[in-house]
Structure formats: structure tokens, C-alpha cells
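Q: Got a minute to go through this model with me? I'd like to chat about whatever catches the eye.

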Amino acid sequence: VAEEVRGGTSSLETSEAQEAFRLHWLGRKQGRLKLISEAWLKSAPAEARKPLGIRFNQLKQEIEAALQAPVAAAGAAVVRGIDITLPGTVRQPGIAHPLLETMQEIVRVFHHLGYSTNLGPQVETDFYNFEALNFPQNHPARDTQDTLQIADQGAKPSRDRLLMRTHTSPVQIRTMVAQAPPIRIVIPGKVHRNDAADATHSPIFHQVEGLCVDTNITFSDLKGTLDHAMKALFGSGVKTRFFPSFFPFTEPSADVQISCIFCGGKGCRKCKHSGWIELLGCGMVDPAVFASVTEERRKLGLDDDAYNPDRITGFAFGMGVERIAMIQHGISDIGQFYSGDMRFLEQFA
Ligand code: PHE
């Protein structure tokens with residue numbers, strides 16, 4: 001009988017089930033307990049009456065307790081086998097990877113200036129990655145790009161040979177071939193270089209490229225835009241300065257430095273005691289690039305004057321996302337971004 005009681009108490013999920021259980025055992029006329037007491041207790045021999053009575057009372061208490069318990073539990077349904085009064089298992093919600101977070105932050109700064117986003121393929125042709133960007137075949141400037149070539153491309157004309165894009169700049173060309181000025185785009189994405197991994201290098205990393213092409217775009221537009229972007233990313237107190245540099249696809253070209261955000265420009269280990277941190281490359285779009293774009297557009301039957309360098313100028317810039325994220329968060333080893341180590345990632349939750 002005790003087993004029967006226990007079997008019954010395990011399925012008291014609803015108030016209907018409870019009431020049926022109560023009637024079954026405690027019903028005044030036909031309840032099992034009443035029948036048991038009449039059939040066994042009353043007719044038991046004198047010496048068995050006491051232990052039987054104790055057992056009988058225990059059963060009655062168990063039944064009454066079972067009828068109380070679910071109501072006391074939470075005043076709600078009790079799901080079989082689950083104690084809903086216990087605290088739940090806390091699951092950490094997922095977070096965006098810190099690199100993605102920084103990349104989106106950079107992109108957002110330019111969206112606020114009216115730029116839109118363009119993407120391109122990571123497996124690129126020699127033409128878009130180099131030729132159209134004014135890196136001629138066998139030109140030493142190609143050596144700066146440590147290119148990962150795709151195998152077995154020798155039979156193709158050189159412009160069609162496939163490689164892993166070494167920068168996001170090929171998407172400048174893809175964009176201009178497809179659309180006429182005005183252009184204001186940012187290009188976030190993955191790039192690949194044949195670099196050995198160390199604390200500051202990774203064979204795969206991320207860049208955000210920018211391109212602005214229109215009438216009357218000048219170097220001061222470039223300076224103003226990047227100065228604003230750096231202040232938006234690193235704080236309004238940050239200063240920028242521009243140094244002459246070289247890229248085949250921009251002329252003039254510049255490297256941009258920001259005042260060290262660790263020491264405020266006084267000089268510390270992070271900025272090698274110079275007070276400045278080098279962050280990105282930029283420049284005015286080289287007329288040779290407009291010429292490649294125009295040639296491609298003509299092949300597509302777009303025989304327009306859209307990129308006539310007498311009327312149209314532009315600027316471009318490119319920055320490394322890892323480098324910026326490392327400065328933002330004070331990270332000294334680039335490898336941490338790709339380690340998948342939860343102790344690292346949890347810090348960004
Ligand atoms: N593509 C260049 C690089 O990866 C960066 C750059 C972009 C420089 C745009 C100037 C203008 O080295």
C-alpha cells in the first residue's frame with residue numbers, strides 16, 4: 001500500500017490530479033484508507049493493533065503531505081523530476097569577438113559620416129590586388145605585400161592569376177568599376193600575408209579600408225576625416241600627425257600617427273618614448289588608378305568620363321583592425337585574438 005501511495009504522489013501535476021488522489025485515498029465513504037481501517041485495523045488481533053495503527057497513521061501523513069507539497073512548492077505546476085524551487089543553471093550569453101567589435105566600431109564612425117559598406121572576395125586576381133592599383137608585374141613594391149599565391153595559376157594570363165588578397169584595396173577598384181562618383185565607402189575584411197606568426201604578426205588579419213571620390217576632394221578633406229575618426233575611436237583629446245610615405249596607388253601618400261593614448265604624448269614604453277603611435281596608411285588616389293578603372297569601365301561598355309582626373313579626385317586609407325584593438329585594450333600578443341582561450345575572451349563579456 002505504501003508503494004501505491006508513493007507511485008500516486010509522483011504524478012500530482014495538476015489540481016485535478018490532486019483532487020482525484022485525495023478522493024481515492026481520503027474519500028469519506030469509499031476512500032482506501034477508510035476501507036483499510038475497517039478491513040484490517042478493526043479485525044486485527046490485539047497485539048498487532050498498535051504497530052498497524054502506527055503504520056496506518058504514517059501512511060495518512062504521507063498522503064496529506066503529498067497533497068500539501070506542490071502547493072507549498074511555488075503555487076504553480078510541479079514538473080515531474082524537476083524541482084522548480086532550485087536556482088536555475090546560469091548560462092553565459094555569447095558575445096561578439098573583440099576584433100569584430102572593434103571592426104564594427106570603426107565602420108560605425110564612417111557610417112555616421114555618410115559612408116556605406118562594401119565587401120569583396122578574399123581569393124582575388126592579380127589584376128585587382130596589384131595591377132589596377134599601380135603595382136606593375138615584377139615591381140619591387142609587390143615585395144612589401146608577402147603574397148600567398150594560389151597554386152597552379154601559371155597557364156593563365158598574369159592578370160587572372162589567383163592569390164589571397166593582401167589588403168582590402170582591391171575592393172576600391174571593384175567599387176569604382178561598378179559605380180560612378182560620388183563614392184564614400186568603407187571596406188572591412190580579412191586579408192592574408194605570408195608572414196610568420198609572432199606577437200605582432202599573423203598570416204591572416206583584418207583591415208578597414210576607406211575610399212572617398214568626388215569633385216573637389218582634397219588632402220585637407222583626408223586629414224579632417226581621419227582626425228575626426230581617430231578622435232571618435234580613441235577620445236577627443238587625441239592628436240594626429242601625417243608623415244610622407246609611399247603606396248603605389250596613392251600620391252601623395254602618408255602614414256598617420258596619433259598621440260600616445262598611454263602617456264598622453266610624454267613618452268613611454270608603448271610608444272617607444274616617441275609620444276606617438278603609428279596607426280594607418282593613406283593618400284590621394286593616384287591618377288594611374290583612375291586610368292585602370294576607366295579602362296575597365298570602357299571594356300564593360302561604360303564609355304563615360306566618370307573618372308576623368310581633371311575633374312575627379314579622391315582619397316583612400318587603410319587601417320589594421322588587430323593593431324587598433326590591441327591599443328584599445330592594451331593587448332601585447334596578437335595571437336590571443338585567435339586562441340579561443342575563454343579566459344581571454346571572457347574579459348570582453
Ligand atoms: N592597402 C595598404 C596596405 O595594406 C594600406 C592603404 C590603404 C594605404 C589605402 C593607402 C590607402 O598596406
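Q: Let's start with Asn 134. Is Asn 134 buried, partly exposed or exposed?
A: Asn 134 counts as partly exposed, because its relative accessibility is 28%. Keep in mind that this is a predicted model.

Q: Where does Asn 134 sit?
A: Asn 134 is in the loop between helix 6 (126-129) and strand 3 (162-164). Its phi is positive, about 70 degrees, even though Asn 134 isn't a glycine.

Q: And what's the usual sign of phi?
A: Most residues other than glycine have a negative phi.

Q: What about Asp 152, and where is that one?
A: Asp 152 lies in the loop between helix 6 and strand 3. Asp 152 isn't a glycine either, and has a positive phi of about 60 degrees.

Q: Buried or exposed, that Asp 152?
A: Asp 152 counts as exposed, since its relative accessibility is 78% and the cut-off for exposed is over 50%.

Q: On to the backbone. Which residues does a cis peptide bond join around Pro 182?
A: Pro 181 and Pro 182 are joined by a cis peptide bond, with omega about 5 degrees. Pro 182 is in the loop between helix 7 (170-178) and strand 4 (183-192).

Q: And the peptide bond from Glu 251 to Pro 252, cis or trans?
A: The bond from Glu 251 to Pro 252 is cis, and omega is near -5 degrees. Pro 252 lies in strand 7. For background, most peptide bonds are trans.

Q: Switching to cysteines. How many disulfides does the count come to?
A: The count comes to zero disulfides. Cys 263 is in no disulfide, and the nearest cysteine sulfur, in Cys 260, is 3.6 Å away.

Q: Why is there no bond for Cys 268?
A: The closest cysteine sulfur to that of Cys 268 belongs to Cys 263 and is 3.7 Å away, so the two are too far apart for a bond. The cut-off is within 2.5 Å.

Q: Are those two, Cys 263 and Cys 268, buried or exposed?
A: Cys 263 is buried, with a relative accessible area of 13%. Cys 268 is buried as well, at 16%. The limit for buried is under 20%.

Q: OK, ligand time. Which residues come nearest to the ligand?
A: There are 15 residues around the ligand, and the nearest are His 167, Ser 169, Arg 193, Gln 207 and Glu 209.

Q: What does His 167 do there, distance-wise?
A: A polar side-chain atom of His 167 is 3.0 Å from a nitrogen atom of the ligand. For Ser 169, an N or O atom in the side chain is 2.9 Å from a ligand nitrogen atom.

Q: And which ligand atom is 3.1 Å from the side chain of Arg 193?
A: An oxygen atom of the ligand, 3.1 Å from an N or O atom in the Arg 193 side chain.

Q: What about pockets? How much space lies in the largest pocket?
A: The largest pocket holds about 1400 Å³ of space. Its lining has 46 residues, and the closest to the pocket centre are Thr 200, Glu 278, Leu 279, Gly 320 and Arg 323.

Q: Which element supplies the largest share of that lining?
A: Strand 8 does, with seven residues. Among the other elements that each supply at least two are strand 5 (204-215), strand 6 (240-247) and helix 10 (321-329).

Q: What's the mix of that lining by class?
A: The lining of the largest pocket has 21 nonpolar, 15 polar and 10 charged residues.

Q: Last bit, Asn 308. Which side chain does its side chain contact?
A: The side chain of Asn 308 makes a polar contact with that of Asp 305, at 3.2 Å. A polar atom of the Asn 308 side chain is also 2.9 Å from the backbone nitrogen of Asp 310. Asn 308 is in the loop between helix 9 (287-299) and strand 9.

Q: And Leu 300, where's that?
A: Leu 300 is in the loop between helix 9 and strand 9, and counts as exposed at 59% relative accessibility. Leu 300 and Val 177 are 123 residues apart along the chain, with 8.8 Å between their C-alpha atoms.

Technical notes: Residues numbered from 1 in each chain as written. Predicted model: local features only at pLDDT ≥ 70, side-chain atom pairs only at ≥ 80, totals over all residues. Heavy atoms only, no water. Buried < 20%, exposed > 50% of the residue type's maximum accessible area, 1.4 Å probe, protein only. 1 Å grid on protein atoms, 1.4 Å probe; cavity = no way out; pocket = protein on both sides within 12 Å on 5 of 7 lines; lining within 4 Å. Points joined across faces, edges and corners; volume = space filled by probe spheres on them. Helix = DSSP H or I, 4+ residues; strand = E, 2+ residues; numbered from the N terminus. Nonpolar A, V, L, I, M, F, W, Y, C, P; charged D, E, K, R; others polar. Near = heavy atom within 4 Å. Polar contact = N/O pair within 3.5 Å; in protein donor to acceptor, adjacent residues only side chain to side chain.
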